[in-house]
Amino acid sequence: MRRLALLALVVLCGLALAVGYLLLPSPHYKTQFQACAVTLGGEGTLVWFEIYMRQGSGKTFVNIQSARFREDTEQSLLKARLAAEETLGTSLKNYDITLDMLTPQDNVAGESAGAAFASALVANYLQRPLRGDAVISAALSDGKLAPVGGIDEKMVAAAEAGKKTFVIAEEQQIKHAELAQRIRIVRAKTLGDALEYLLG
Amino acid sequence: MRKPFLLLLVACAAIALVVGYQYAESNAARNEAATARSSYTVTLGLPAVDLEGAGALANLTVTVSDGDGSVFVRFDSAKPLINTETQSSLRLALDVAGKLTRENLSKRNVYYSISAPSDVVGGYSAGAAAAIATIAALRSEELRDDTLVTGRLGSDDGKIAPVGKVEEKAVAVREAGYSVLLVPKGEGAEEEGLRIIEVSTVAEAYALMRE
């Protein structure tokens, strides 16, 4: 009799926990990542972003709660979506994408975060983490990685932030070759190549 | 030895049941609220000017849903429509709408989307219209379909400031079949077949657009 009551209690306990857990709201899988930027003063810096996808109709949104986004970044996001689709080999037309800048800063401008956006999209779709010790700084052009400005300054910022690997476009020029002693510099032709170093 | 163990188990079961029940309840409440309110969308024409300086009409869509206080703009146009100034004016419009409706915006998400048939110039002139459309979306109210508004917001005090190019916009508004255009105080103009009314605040304009 006692044993039965005990058993019933244990079962009840398990059931209640399971029900409680199942009813927890399931949040979107969000991907947080760092992209390289150059400040108005010409210094390199790393900026946190968050990207996620949800069922939708192919739209892209940016959060303007505190940041403003320039038009060239809009084009960069369009290219990132295309590059992610090409790399994944699947259309994202049934997904809405949301981009949020987490580091307080006035404006997001330029196309140099294109490859970072695209790799975050791929990681988010696959629900795989991005490596915390690697960053990419490249624009996107015809599905390939393209050179960006201020790369030396960005490398210094990445090295100072403790990053180990820095992915750049194949045609990227670097002024200070000795930077290679502070951070591992990897050249990639496509987003797919770059992801080898970025996905965790 | 057995007794404390049993007691512990009973306590465990009780806690688990309470926790599970609470989640079940809050979840049910959330679902109910979601179906009752879910999201509400308001669309409003935006008087604008194109690159040649002629009047044109863009289209603003505001959707309000349950959320965490985020404000988004749709940002995927091959022809850029929403520059940083427009983003600032949308952000300000939400502040004005939040103040006027006294809605708790931290539990809502707001999505703005602008589309235009031609190349229109971005800027601050969407402010008053965006505030009015946001108020309507927050309150789940409909706006008149024969009236448009043009005007910028100077600050979050809800006053409507001058925008310029009112005559050009009036032509586009009339040609699109609207019969009333609300303009900032002091910018009244004449346009055959269109009633132009000067307004000084968002609240005043909203009342006219709800009549």
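# Notebook: the A–B contact and its sheets

I started at one residue pair: A:Asn63 stands opposite B:Phe72, which belongs to strand 3 of chain B. The model is predicted, and I kept that in mind throughout.

**Entry 1. The cross-chain strand pair.** I looked up the strands around that pair. Strand 3 of chain A pairs with strand 3 of chain B, residues 71-74. The sense is antiparallel, over 3 bridges.

I then turned to another partner of strand 3 of chain A. Strand 5 of chain A, residues 95-101, pairs with strand 3 of chain A in the parallel sense. Here too I found 3 bridges. In this pairing A:Thr60 stands opposite A:Ile97 of strand 5.

**Entry 2. The sheet that holds these strands.** I traced the whole sheet next. It is open, has 8 strands and mixes its pairing. I read the order as 1(A)-2(A)-5(A)-3(A)-3(B)-4(B)-2(B)-1(B).

Which strands stand at the edges? They are strand 1 of chain A (31-38) and strand 1 of chain B (39-49). Each has a single partner strand, so one side of each has no neighbour in the sheet. From one strand to the next, I noted an average twist of 25°.

**Entry 3. The contact as a whole.** I asked how many residues each chain gives to the contact. Chain A gives 28 residues and chain B gives 29 residues. On the chain A side, four elements give two or more residues: helix 1 (2-22), strand 3 (60-63), strand 4 (68-69) and helix 2 (71-88). Helix 1 of chain A has the largest share, with 9 residues. I sorted that side by class and got 17 nonpolar, 6 polar and 5 charged residues.

**Entry 4. A sheet within chain A.** I also checked an open sheet of 3 strands in chain A, ordered 7-10-11, with parallel pairing. Its edge strands are strand 7 (134-136) and strand 11 (184-188), each paired on one side only. The twist averages 25° from one strand to the next.

I looked at one pairing in detail. Strand 7 of chain A meets strand 10 of chain A, residues 165-169, in the parallel sense over 3 bridges. A:Ile136 stands opposite A:Val167 of strand 10.

**Entry 5. Helix 3 of chain B.** Is this helix mostly covered or mostly open? I found helix 3 of chain B mostly covered, with 12 of its 13 residues buried. Among the buried residues are B:Gly127, B:Ala130, B:Ile132, B:Thr134, B:Ile135 and B:Leu138.

I checked its length as well. Helix 3 of chain B covers residues 127-139 and reaches 18 Å from its first C-alpha to its last. That is close to the 18 Å expected at 1.5 Å a residue. B:Ser140 follows helix 3 of chain B and has a positive phi near 55°.

**Entry 6. Positive phi in two loops of chain B.** I went on to B:Arg102, whose phi is positive, about 55°, although it is not a glycine. B:Arg102 sits in the loop between helix 2 (84-101) and strand 4 (108-115) of chain B. I counted 8 other C-beta atoms within 10 Å of B:Arg102, so this residue is exposed.

B:Lys165 came next. Its phi is positive too, about 60°, and B:Lys165 is not a glycine. I placed B:Lys165 in the loop between strand 7 (160-161) and helix 4 (166-175) of chain B. With 18 other C-beta atoms within 10 Å, B:Lys165 is partly exposed.

Technical notes:
Residues numbered from 1 in each chain as written. Chains lettered and ligands numbered in written order. Predicted model: local features only at pLDDT ≥ 70, side-chain atom pairs only at ≥ 80, totals over all residues. Contact = placed C-beta atoms within 7 Å. Nonpolar A, V, L, I, M, F, W, Y, C, P; charged D, E, K, R; others polar. Pairing = 2+ DSSP bridges. Axes fitted to C-alpha atoms, helices over the stretch in contact; angles between N-to-C directions. Expected span 1.5 Å × (residues − 1). Buried ≥ 20, exposed ≤ 12 C-beta atoms within 10 Å, placed from the backbone.
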